[in-house]
Amino acid sequence: MIIGINHIGVAVRNLDRVVSFYRDTMGFEFLGVEEVPSQRVRVAKFDVGGVHVEFLEATSEESPIYKFIEKKGEGIHHIAYNTDSLENTLEALKGRGVKLINERPVKGSSGMLIAFVHPKSSVVLTELVEE
Ligand code: CO
């Protein structure tokens, strides 16, 4: 079951420029930068009233973020939702014919389990999270 929004992921070309804008100009609470090798990205995280905004910079041309920006430019890449159980949610969605990118949970940032729903089903790329 989906129980809330975890974060919004935004694809950017230059993480340092974006960090200084959102931290210094917008005054968002900066939580730090983390590299996520499984997704080939560097992630800068901010907290805004309990919802996170994550800015994603590709670390290689093989990165999904690199390909996304080549195709669509910078902007909102995905919305991530909290689940009470990722396994059960994936099972239920699969049973309803939803197209999944990850049929099994994979490791995301901060040791969270995540899985992606294909935008063919969800319009916006959708990440499911179990904290
Ligand atoms: Co994400």
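These legends go with a set of close-up views of a predicted model.

**View 1. The whole sheet, strand by strand.**
Eight strands make up an open sheet with mixed pairing, and the order across it is β2-β3-β4-β1-β5-β8-β7-β6. At the edges sit β2 (29-36) and β6, each of which pairs on one side only. Inside the sheet, β1 and β5 run antiparallel and are joined by eight bridges. To find your place in that pair, look for Ile5, which stands opposite Tyr81 in β5. As a general reminder, strands of a sheet pair through backbone hydrogen bonds, either parallel or antiparallel.

**View 2. The cobalt site.**
Which protein residues hold the cobalt ion? The donors are His7 and His78, each through NE2, plus Glu127 through OE, and they lie 2.0 to 2.1 Å from the ion. Along the chain, these donors are spaced as H-x70-H-x48-E. His78 belongs to strand β5 (residues 75-83) and Glu127 to strand β8 (residues 126-130), so this pair, 49 residues apart, links distant parts of the chain. Both of these side chains are in buried residues: His78 has a relative accessibility of 4%, and Glu127 comes in at 5%.

**View 3. Helix α2 and its two sides.**
Helix α2 covers residues 64-72, and Ile65, Phe68 and Ile69 are buried in it. Looking down the axis of α2, the buried residues fall within an arc of 95 degrees, so they line one face of the helix. Glu70 and Lys71, on the other side of α2, are exposed. What lies over the buried residues? The cover includes β1 (2-11), β3 (41-48), β4 (51-58) and β5.

**View 4. The two ends of α2.**
At the N-terminal end, Ser63 acts as the cap: one of its side-chain oxygens lies 3.1 Å from the backbone nitrogen of Ile65. After the helix comes Gly73, with a positive phi near 85 degrees.

**View 5. The largest nonpolar core, and a second one.**
Nine residues build the largest nonpolar core: Val10, Val12, Leu15, Val18, Val19, Ala44, Phe46, Val53 and Phe55. The elements giving two or more residues to this core are α1 (15-25), β3 and β4. Which element gives the most to this core? That would be α1, with three residues. Zoom in on Phe55 and, leaving out residues up to four places away in sequence, you'll find that Phe55 touches Val10, Val12, Leu15, Val18, Tyr22, Arg42, Val43, Ala44 and Phe46. There is also a second, separate core of eight residues, with Leu56, Ile65, Phe68 and Ile69 among them.

**View 6. Glu57 on strand β4.**
Is Glu57, a residue of strand β4, buried or exposed? Glu57 counts as buried, at 14% relative accessibility, because the cut-off for that is under 20%. A polar atom of the Glu57 side chain lies 3.0 Å from the backbone nitrogen of Leu15. Not counting neighbours within four places in sequence, the contacts of Glu57 are Val12, Arg13, Asn14, Leu15, Arg40, Val41, Arg42 and Ile65.

**View 7. Two hairpins that share β3.**
On one side, β3 pairs with β2 through seven bridges in the antiparallel sense. Here Glu29 stands opposite Asp47 in β3. The hairpin of β2 and β3 has four residues between the strands, and Arg40 takes a positive phi near 50 degrees. β3 also pairs with β4, again antiparallel, over eight bridges. In that pairing, Val43 stands opposite Leu56 in β4. The β3-β4 hairpin has two residues between its strands, and Gly49 in the turn has a positive phi of about 60 degrees.

**View 8. Strand β7 and its partners.**
β7 (residues 113-117) is largely enclosed by the rest of the structure, because four of its five residues are buried. With strand β6 (residues 106-107), β7 pairs antiparallel over two bridges, and Lys107 has Leu113 as its bridge partner in β7. Five residues sit between β6 and β7 in their hairpin, where Ser110 in the turn has a positive phi of about 55 degrees. β7 is also joined to β8 by five bridges, with the two strands running antiparallel. For a handy landmark there, pick Val117, whose bridge partner in β8 is Thr126.

Technical notes: Residues numbered from 1 in each chain as written. Predicted model: local features only at pLDDT ≥ 70, side-chain atom pairs only at ≥ 80, totals over all residues. Heavy atoms only, no water. Donors = N, O, S within 2.8 Å, 3.2 Å for Na, K, Ca; no water. Buried < 20%, exposed > 50% of the residue type's maximum accessible area, 1.4 Å probe, protein only. Arc of directions from axis to C-beta. Contact = heavy atoms within 4.5 Å. Polar contact = N/O pair within 3.5 Å; in protein donor to acceptor, adjacent residues only side chain to side chain. Pairing = 2+ DSSP bridges. Core = buried A, V, L, I, M, F, W, Y, C linked by side-chain atoms within 4.5 Å.
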